[in-house]
Structures are given as C-alpha cells and as structure tokens.
Protein chains: 2
Amino acid sequence: MNLKQLASELGLSPTTVSRALNGYPEVSEATRLRVTEAARHYNYRPNTQAKRLATGRAMAIGHIIPLSTRHEIVNPVFADFIAGAGEVYARAGYDMVLTIVPDSDEERAYREVHSKGNVDGIIVHGPKVHDARLPLLEELGLPFVVHGRSLGADPGYSWVDVNNTRAFERATSFLLDLGHRRIALVNGIETMDFAARRRHGFERALAARGLAADPALMVAGEMTEVQGHDAARGMLDLPDPPTAFLTASFLSAMGVRRALWERDMRMGRDVSIVTHDDELGYLRNGTDEPIFTATRSSVREAGRRCAAMLLRRIETGTSAPETDLMEATLVVGASTGPAPRRPDLID
Amino acid sequence: MNLKQLASELGLSPTTVSRALNGYPEVSEATRLRVTEAARHYNYRPNTQAKRLATGRAMAIGHIIPLSTRHEIVNPVFADFIAGAGEVYARAGYDMVLTIVPDSDEERAYREVHSKGNVDGIIVHGPKVHDARLPLLEELGLPFVVHGRSLGADPGYSWVDVNNTRAFERATSFLLDLGHRRIALVNGIETMDFAARRRHGFERALAARGLAADPALMVAGEMTEVQGHDAARGMLDLPDPPTAFLTASFLSAMGVRRALWERDMRMGRDVSIVTHDDELGYLRNGTDEPIFTATRSSVREAGRRCAAMLLRRIETGTSAPETDLMEATLVVGASTGPAPRRPDLID
DNA sequence: CCGGACATTCAAAGCGGTTTGGATGCCAAC
DNA sequence: GTTGGCATCCAAACCGCTTTGAATGTCCGG
C-alpha cells in the first residue's frame, strides 16, 4: 500500500493524505481522522527511500568503524556506546548506519558517505591525538560529534567526553593519600587521545606532590587481561616494585589481579589497584560493593549524549560547537588500602 | 554534482551517463571512458536515496537489537559478529542498519522495518528456543538469516551456527577421558537456543558413559565473570565438589579461576576448566599456548558467513533454505589435567 | 450583493536516479 | 537501391513521497 493507493481509496489527493499524516494544519480534523484511521487499517507506512529523496534528509546517522584487528569495534566499549546512541536514534526515528572500513580506506569512506548522502551526520569514534578526521569532516561540512576529544586539533568541533585527566589525577591523588609512592600506570595506547590525557592526569597528580613518574612503571598498549597481567608481572619483579596500579580498563585490572594471585599477594593489602570503569553491561565491577576501586563513567550514557547532541545540531542547524564534559565518580572498592610499609623500613 | 549536471557537462543524456557508469553494454567504450573519467574528476557519486527509490533495493541489511539491559548488544559477542558481517557488507556495497528497540517493541520493529522498506534483509540475533521471530519474518516475506538456530521452530529457514551440541559433547568427553566424573556446567541462559544445545551435548556425553548430570552441578545465567565465580564458589563447597568445570564463556571461566585462586586450588591440577571461546578480539584466550582448554569458534567468522549467505540469497532470490554448521575445534591449554584422585581413596 | 479572508483541497512539479521504448546513423546483404 | 541488423544514444516515464501554487467553496464585513 502506497500513498497514491491510500489516497484513491479515500477519494482524496495524495497531497491531502500526506499532509494529514504529517500533521500539517491545512487539513480539517475530520479528514485527518479519516486518513489516520485508514492508514492504520491498511497498515500504511511511507516508503523510507521516497521520503528521504523528497525531503533531502537521510534520517540516519553514520558510524564509521575502521576495521583494525586491534581497535575500535572489537573494543569492548563499543557495544555499550552503540547501545546508548541507538536508544536515542530509535526514539527520534533515525536509523543508525555502521560502516566497517579497512583502515586505509577511512578517509575515502567519510567522503563517500557524504557525497552519497546517506547520513545526516556522523559520530567520530576513538579520536587520536591530532586526529586527521576532524579537519576532513569540517571541510566536508557534514555535521558531526566526537566521542572524546583530540589534543592538538582545531577546537571548533563538538564533543562529549569524560574528564580523563581529572579522573586519573584524582585516582592518583587517592593512592598518594593512602601513602603509595610507587604507583604504576597501565594505560591504553597513548596515540589515543583519552590515553594521553589519562597519563597527563597521572603525571600531574604526582608532580603536585613533587614526584616524578618512573618510566619503568608506565606501560601503554591494548587494554586486555593479558596486558595487565604481563605488565604487572614485569613490574613486580623490579627491585623497587610498585605498591599500587592504576589501570585504564577493567580487563587490565583483572590481569593485574591475576599477577598478584600468582605470587600470593593480596589485592588491597599488599598491592592496591584502581581502574577506570566504563560500566559495561557484561563487565560489571561487582554488584553491591565494587570489586575494584574505580573512576567510573558510563559509556552507554556517553553514547546517549553524543547521539542527542548530534541530532539537536542537525535539527536546529546550529554550527557553534557544543561540548559536554562528564566527570567520572571515584568509587571505593576492596582493591585499595594503605601502602604497606616497606619491609626494609620495619623497625 | 548530480547525474543531470554531469550529463550536461559531458553533452550527453542522463540515460547514457547512467548506463556508462553502471556497465551496460549499449554504450561505446569511448564514451564510457569519457564518462568515468568525468565522474572521477567531478567526484560524482550517485545519490543513495534516489538510487534506492529507482531500483527498489535498499542496499542495506538490518540488525534489530532488543534493548535488554541484559542481553544482545551488551553481549561481548555482538561487537565481533558485527565486525565480521560489516566487512562483507562493505565489500558488497551494502549498508548495515542497526535498530535498537525496547524488548516490548521488537515485533513492531520487524514489521516496520519491512513496510518502510529500508532494508533488503535481516540478520536475526540470539535465537531462543521456539523463537517467535522466525514465523513472523517468514510471514512478512523478508529475507533473513539466523545466527544460530531455534529448537522447535519450523525448520524452513536459513542459518549459520556453531555445532554447540557436538562442541560441548566433545569437551565433556575430553574431561571424562581425563578421569573426571564430577563435572560442572556453567551455562548461558537456557531459553537461548545455543545454551539449550550446549546443555544437551553435555548431558549426552555423560549419558554415553552411563552417567547422569547432577542438577547441583549445573547453573545457567548471564555469562559474566561474577557468574563463574559465584557458581564455582558454591559448588566447591559441596560435599562432593566438581573436579572440572565446563563454562560457556571466557568471562565465566575467568570467574571460576578466581574462585579457585581464592581457595588456593591450582587450575589444571586440582580442578580443570574447559570453556567455549568465541575468539573475541579483546578477550583472547592467550597468545601462544591457550590459557584455557577450549572449544573454539570464531564469532567474527560467523558474522562473515551470515552476511555472505544473506546477500547471496537476496541477490539470487533463492528461497530454499541454506544452512552452515561450523564445527568448533577443541584446543588444549593449561587449564585441564587428569582428575585428582579423591583424597579419601588414596591408599 | 460583492469582495476579501479563510479553510480546505488538489494538480503538478520536483527530489535524483533507472529503465522502457524508441530514434538515428551506418553498414552488409540481397 | 532497399532492407534489416546493429551499435549508440536519447526523451520520457517511473519509483513514492513532499511541497508549491492555485482552485474551490464558505463566511463575514461593508
């Protein structure tokens, strides 16, 4: 059943039927009622493609995902972000279009999605320091919102981000307050903006107490269980091992925990762990009391906010950049405690 | 730049330009060359919506994801599946459209996506035993492929699935061969088809040796780290505790491992663990030697196969169902060993 | 009683492609 | 010298919707 058929069924013109269904005022309430009634009865739904062509709006938001074997989509954070954004799109009647591209084709993908006109806007995932995509999108004139920020990029773009610097600064201070002085950082890959900021916050907190970060206690890489484990194992073998770990992901924290178990050290007593917790659906940091002390910020909520911001920008046509900095909360769990006194300092 | 403009730029009709670009034979090689050259030069790309409307093909595949707080998209498996499917779509020029719907609206979402005509086909995720979506889609006449199967459903549908029954049967036999008799099953929610089959395989292997499954050694639920941990902790307290665990997910296996550590039991010596391993990008089962003995099957590959099958069906218009049963491989890691002799039986 | 304002409806022109059904010109064959 | 076939190209219809511009009918004020 299409518009024309429905119209002739009703003895009306397509014009009137279209207007009745789209809430235009120049149609009498009586006919509007007849029309909506008939539409329901025949289960009529306007053809998406035709509507899009006629209105020039794709009613769709694009997410372009580079097909690294390593990052992005296989990143556990991605699914939760998408879930959050998808909720918002669904409510607003937008589609979510994912495009998976080989890393080398990323720029082409952005250009193409634009010139083919099948999305009204784009969410940029996983911004790097000095990310080349932002100027590209700016040049294309396609509305976009970044999940995260990009150090060193022209700041005229819109973003939603967690205050990573502050979060890791607070986490570090928290450990310093507990008396820890040898604190290790198990970070994400530091070309990623969020990881660069976290390191920065870590170093800033140390500097505030007149301490310098020890390169031997900092690693950056894929945030996996194995990463945490291997990093911790190496560091615990150092002559002056860390008494606390700050990790960028729940998985890394679990890896550190494994390393502790392997050498019969107790988490929270012998060694403390603080992790960042993205509140992923299937990686919950405990139920009541958190397993790990953590800087917590919901990635799903970030997805919602990114989507809402982008839709707002598209619909109002605003070009002035808009930003949303989410503060992480520091929740205290069982993985932290006062720094153990150094054995060689005991009496 | 649209078709008409490009055509007039070339002094040709839109017809000819369209044909030249789409590879129709009734255009001379010389003009085809001129056209493609000009298209590149002006960076022309046919408008997606117009093309879709004219051809009646959406060039898009839908994935409808119920917004349970619990399942589906927050399921770690989802991202990898999507990555695999997305690769295939991208190569074939299809878009991937995700729709997130509140669980209650799922049926309406399927109907709507069909009548609005914005996808050419659908992938069904997470089929349950007796899944109501399959007859619905059959009725709608929308091409679809199921990732998994549905026990009790009319078998006239196409699917790609892992041989879950066989995988768990083999895993169980493997443990039985090592002398284990008290084997625990930490399963997914058993209304899900895959979980029902796994349990079935488990029980079949036991039955083949004249053993019955002990209900006290079977749990089913969200496949999280906490699930594995809590299940194992409870079971290890039993008077006749299990000597081996079979878990449905890598995360659950890590939880079981935690429970072992907590009571100073060594994995592979005191208690064995076999898990199913979906080969997720960020949850690798070790690098060289697997951490856990596992039944292994790549979910990403399943995504590729589902997508390829669906596209093939759409493009050829076949309606005869097609199926693809992937066998999991059993890889042996450090988490399994011979069953310990019962202390009370030692000499 | 007439003209203008207003409410309601419609015909037709897009949107930007694809596709049908010719046109045109050229050449080989009868 | 027709005729038929073939290679090329084009005008126009169409996909299903929105939207512009105009028509029609009604009502009210002057």
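This tour proceeds through a predicted model, one selection at a time.

**Chain A as a whole**

Begin by selecting chain A and colouring it by secondary structure; 12 helices and 12 strands should appear. Orient the view along the principal axes, where the C-alpha atoms of chain A fill a box of roughly 100 × 40 × 35 Å. The radius of gyration of chain A is 26 Å, whereas a compact globule of 347 residues would have one near 20 Å. Of the 347 residues in this chain, 51% count as buried. Consider next the contacts in chain A between residues at least 6 apart in sequence: 69% of them join residues at least 24 apart.

**Where chain B meets chain A**

Display chain B beside chain A. Here 46 residues of chain B are in contact with 45 residues of chain A. On the chain B side, select helix 4 (48–55), helix 5 (76–92), strand 2 (95–101), helix 6 (106–115) and helix 11 (250–262), the elements that each give two or more residues to the side touching chain A. Which of these elements gives the most? It is helix 5 of chain B, with nine residues. Colouring this side of chain B by residue class gives 24 nonpolar, 14 polar and eight charged residues.

Now isolate strand 2 in both chains. Strand 2 (residues 95–101) of chain A pairs with strand 2 of chain B in the antiparallel sense, over three bridges. Select Val97(A) and find its bridge partner, Val97(B), in strand 2 of chain B.

**The surface near DNA strand C**

Select DNA strand C and the 25 residues around it; those that come nearest are Ser13(A), Leu3(B), Ser18(B), Ala50(B) and Ala54(B). Two or more residues of this surface come from each of helix 2 (14–21) and helix 4 (48–55) of chain A, and likewise from each of helix 2 (14–21) and helix 4 of chain B. The largest share, five residues, belongs to helix 4 of chain B. By class, the surface near DNA strand C holds 11 nonpolar, 11 polar and three charged residues.

**The surface near DNA strand D**

Move to DNA strand D, which has 26 residues around it; Asn2(A), Leu3(A), Ser18(A), Ala50(A) and Ala54(A) come nearest. The elements giving two or more residues to this surface are helix 1 (3–10), helix 2 and helix 4 of chain A, along with helix 2 and helix 4 of chain B. Helix 4 of chain A gives the most to the surface near DNA strand D, with five residues. This surface comprises 11 nonpolar, 11 polar and four charged residues.

**The sheet of chain B**

Finally, hide the DNA and select the six strands of chain B that form an open sheet of mixed pairing, in the order 7-6-8-9-10-12. Strand 7 (218–220) and strand 12 (329–331) of chain B stand at the edges; each has a single partner strand, so one side of each lacks a neighbour in the sheet. From one strand to the next, the twist averages 15 degrees.

At one end of the order, strand 10 (residues 293–296) and strand 12 of chain B run antiparallel and are joined by three bridges. There, Thr295(B) has Leu330(B), in strand 12 of chain B, as its bridge partner.

Add helix 10 (residues 225–236) of chain B, which packs on the sheet and touches strand 6 (183–187), strand 7 and strand 8 (244–247) of chain B. The direction of helix 10 makes about 150 degrees with that of strand 6 of chain B. Helix 11 of chain B also packs on the sheet, touching strand 6, strand 8 and strand 9 (272–277) of chain B. Its direction makes about 160 degrees with that of strand 9 of chain B.

Terms used:
Residues numbered from 1 in each chain as written. Chains lettered and ligands numbered in written order. Predicted model: local features only at pLDDT ≥ 70, side-chain atom pairs only at ≥ 80, totals over all residues. Contact = placed C-beta atoms within 7 Å. Helix = DSSP H or I, 4+ residues; strand = E, 2+ residues; numbered from the N terminus. Nonpolar A, V, L, I, M, F, W, Y, C, P; charged D, E, K, R; others polar. Pairing = 2+ DSSP bridges. Rg over C-alpha atoms; globule rule 2.2 N^0.38 Å. Buried ≥ 20, exposed ≤ 12 C-beta atoms within 10 Å, placed from the backbone. Near = placed C-beta within 6 Å. Axes fitted to C-alpha atoms, helices over the stretch in contact; angles between N-to-C directions.
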